[in-house]
Amino acid sequence: MEEQAVQTKKNPVLGLISGLLAKYKAEKPPKEPKRSRKEERERFKKRLATLTPAEQKYLKRKQFIDAVWPVCRALLVFGLCFVIIYPLLYMITAAFRTRSDMNDPTIIWLTRHFTTSNIKDAIKTMDFWHTLGNTLFINIGCSLVQVLTCALTGYGFGRFKFKGKNILFGVVILMILMPAQIILIPQYMFFRYFNPLWIYHAVTGNYINLIDTAFTMYMPALTANGIRAGLFIFLFRQSFMSLPKELEDAAYLDGCSPMRTFVSVMVPNAGSTFLTVFLLSVVWYWNDYYVSTSFFTNNSTIALQLKNLDASLTRIIFNNGNVKVNARELIVWMEAGCLLSITPILLMYIFLQKYFTEGIARSGLTGM
Amino acid sequence: MPRLNLSYEKKKGLYGYGFIALWFIGALVFFIVPVIQSFKYSFEDVTPDIGALIENWVGLANYKRAFMTDPDFRRNLTSVLGQTAWQTPIIIIFSLFVAIIINQKFRGRTFARAVFFLPVIIATGPVYAIITGDLSTSGTADADQFSTMFSANMVDELLEFIGIYGFNDKLTEILSTMTSDILNLVWKCGIQIIIFLSALQGIPTSAKEAAAIEGATAWEFFWKITLAYVSPMILVNLVYTIIDTFTDPTNVVMEQVLSIQDDWKYGLSAAMAWSYFAIVLVVVGIIFAIMNKVIYYDN
C-alpha cells in the first residue's frame with residue numbers, strides 16, 4: 001500500500017491505471033447469458049462483418065470443418081473398427097455352426113443349426129485345460145521374469161555411465177534387428193546337450209537334455225534374453241532416461257543403495273512402462289509358436305496346439321481320415337480352436353485395456 | 001574433493017555393470033555365441049550326429065547354392081522385398097492417420113482405441129494365420145478362398161462402375177491383389193499406431209497455441225507442426241515395420257529357411273538367413289541415412 005501511495009504521488013496517471021486494474025481484478029467477470037442458436041448465428045454474422053476478408057474466410061472454413069469433420073470421423077472410425085472386428089465376429093458365428101452350414105450359401109452370419117460340438121471337439125483335441133495350464137505357467141511366468149530382468153538391464157543402460165556401454169547397447173539393438181531364426185540351431189544344440197558350467201560333460205561323460213522342459217523358455221527369460229527382449233530393454237531404457245535425475249539424487253543423498261533406489265524410487269515412477277511391457281510380453285509369449293516349436297516336441301502350448309489343430313483333428317476326431325471333411329467344412333473346427341485360444345488373452349485385454357490404452361501413451365515410448 | 005567425486009562416479013559405473021550383468025551372461029550364451037556359431041555354419045556343410053554336429057568347411061558354396069542353384073530363393077527374396085516396399089509406406093501413412101484420429105476427443109474414443117490395439121494381441125499368433133486362410137499345416141488349403149478377413153475388391157468394382165472390363169489382365173491382377181489386402185493392413189498397424197499416438201501426445205501445448213493464434217488451418221497444422229514433431233517416430237516406425245515384415249515367420253523367405261532347417265541342412269539355411277539379414281541391414285541403413293536428414297529434433 002505504501003509503495004502504491006508513493007507511486008501515486010510521483011505519477012498520477014500510473015496511479016490511476018493501477019487503481020483501475022486493481023478494481024477490474026476485484027470484479028468478477030460477468031457470466032455470459034445463454035443464447036439461442038439463432039442469436040448465436042446473428043452474433044457470429046455481426047462479428048464477421050467487423051473482420052478482414054482473410055479472417056472471415058478462415059472462420060467460415062473453420063466453422064464448416066467443425067461441422068463436417070465429426071461425421072466423417074465417425075464413419076471412418078466405424079468402418080475401420082468393422083474391418084478389424086469382422087473376422088472375430090465371423091469366428092464366433094462359425095464356431096457354433098454345424099459343418100453342413102458351411103456348404104449352405106444362404107447362411108452368412110446366423111446359423112440354423114446351433115451346436116457346441118465344435119467347441120467340445122476342439123477342447124478334446126487340443127487337450128485344452130491341460131494345455132492352458134501349461135501355457136499359463138510358461139507364458140505368465142516367463143513374462144513376469146522377463147519384465148523384471150529387462151527392467152534391471154534397461155535401468156543399467158539408462159542411468160549409469162560405464163566403459164563399453166555403447167558397444168553393449170549395440171548388442172541390444174542387434175538383438176532387436178536379428179531374426180530369431182538365425183540363432184535357433186545353436187540355441188537348440190545348447191539346450192539339447194546342456195553342459196552346466198562347461199565341466200559337467202568332462203566329469204560325468206553325459207549331457208543333460210533340456211528339450212521339452214520349461215527351462216528352454218525360462219532360462220532366456222531369466223537372463224533378459226527371451227522373446228523380443230531387446231525391444232523391452234530398449235523401452236525400459238527410454239523410460240528410465242526420461243525420468244528426472246533429481247529423483248535419483250535425492251534417494252542417494254538419503255543413503256539409498258542403487259538397488260534400493262531402483263526398487264523404491266524408479267520402479268513406482270515407471271508403472272505404465274511396466275504394464276505395457278508386461279502385456280506385450282504375455283501376448284508375444286502366448287502367440288509364439290516359432291520358438292516353442294523348436295524347443296518342444298510334444299505340443300504343449302496353446303499356440304502349438306492350434307498350429308497343429310488340423311492334423312490332430314484328423315487323428316483324434318475324424319478317426320484317421322475315415323470321416324471325409326473338406327477344407328471349407330474344416331473352418332468350423334478351426335474357428336472353434338481360434339476362439340478357445342484367444343479367449344483367455346482377450347479377457348485379460350478387456351480387463352487391462354483401460355490402463356493399456358490410456359497408459360501406453362505416457363510410457364517410455366515418447367522418449368525414443 | 002575431485003578425487004572423492006571420481007570415486008563416486010566410478011562406484012556408480014560399477015553398479016551399472018551390476019545391473020546389466022544378468023543380461024550380459026544371457027546375451028553371451030543365448031545370443032552372441034549362437035550368432036557367431038551360425039555365421040560359421042553358413043560356411044560349412046553341417047550334418048547332425050549324436051552328441052554334436054559334424055562340420056566341414058566348404059567356403060562360399062552355401063551362398064553360391066542359395067543364389068545360383070536354388071530355384072526359389074531369389075524369387076522369394078524379390079517377392080518379400082517388393083511386398084515390403086509397397087506395404088511399408090501405406091502402413092506408416094495409415095497408422096499416422098489413425099493415430100491422429102484417435103488422439104482427438106470424441107464419444108467412444110476409448111472403445112475405438114481398444115479396437116485399434118486389438119491386432120497387437122492377435123496378429124502375431126497362429127490365430128491370425130488361420131483367419132487369413134492358412135487352415136492347415138499340411139498345406140492342403142493355403143488358398144485365400146478360406147480367408148475370413150473382411151474383403152472388398154474396390155478396384156474391380158470401380159472399373160466395372162466406370163465400364164471397363166478386363167482392359168489389362170496383368171495390371172488388374174496386380175491392382176486387385178493390392179487392394180484386397182489394403183484394408184487388412186489395419187491388422188499390421190497396432191504397434192505403429194501406439195508409437196505415433198505417444199508421439200502425438202508429446203507435442204507441446206505451446207506449439208499448438210502458437211499455431212492457433214497464428215490462425216493455422218488443420219491442414220497447415222498437420223504439415224508444419226504434427227509432421228515435424230512426429231518425424232523421429234516415423235523413423236522408428238519405418239524401421240519397426242521393415243523388421244517386422246522381414247522377420248515375420250509367415251513370409252516366404254522365412255518359410256523357406258525354416259523348411260530347409262527342418263531338412264537338417266543347417267549350412268544352407270544359415271547361409272540364406274545371413275544373406276537375408278545382410279539385405280535387411282542394408283535397407284535399414286539406407287533408410288537411416290535418408291531419414292536423418294529430414295528429421296526434426298526438438299531441443
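**Exercises on a two-chain predicted model**

Among contacts in chain B between residues at least 6 apart in sequence, 70% join residues at least 24 apart; two residues are in contact if their C-beta atoms, placed from the backbone, lie within 7 Å. This is a predicted model, in which local features need pLDDT of at least 70, side-chain atom pairs count only at pLDDT 80 or more, and totals for chains, interfaces and linings use all residues. Residues are numbered from 1 along each chain as its sequence is written, while chains are lettered from A and ligands numbered from 1 in the order in which they are written.

**Exercise 1.** Work out whether helix α8 of chain B is mostly covered or mostly open.

*Solution.* Start with the elements: chain B has twelve helices and two strands, where helices (H or I, at least four residues) and strands (E, at least two) are DSSP runs numbered from the N terminus. Next, check the length of α8(B), residues 190-201: at 1.5 Å a residue its twelve residues should span 16 Å, and the end C-alpha atoms are 17 Å apart, which agrees. The expected span is 1.5 Å times one less than the number of residues. Now count burial, calling a residue buried if 20 or more other C-beta atoms lie within 10 Å of its own, exposed if 12 or fewer, and partly exposed in between. Eleven of the twelve residues are buried, so α8(B) is mostly covered. Among them are Gln192(B), Phe196(B) and Ser198(B). Finally, the cover includes α3 (73-103), α4 (109-122) and α10 (218-247) of chain B.

**Exercise 2.** Describe the side of chain A that touches chain B.

*Solution.* First, the contact takes 76 residues from chain A and 80 residues from chain B. On the chain A side, α4(A) gives the largest share, 16 residues. Then sort that side by type: 56 residues are nonpolar, 14 polar and six charged. Here Ala, Val, Leu, Ile, Met, Phe, Trp, Tyr, Cys and Pro count as nonpolar, Asp, Glu, Lys and Arg as charged, and the others, Gly among them, as polar. For one residue to look at, take Val283(A): leaving aside neighbours within four places in sequence, Val283(A) is in contact with Ile345(A), Val120(B) and Ile121(B).

**Exercise 3.** Find out whether Ala224(A) is buried or exposed.

*Solution.* Begin with its place, the loop between α10 (215-222) and α11 (229-241) of chain A. Its phi is near 55°, a positive value in a residue other than glycine. Then count neighbours: 31 other C-beta atoms lie within 10 Å, so Ala224(A) is buried.
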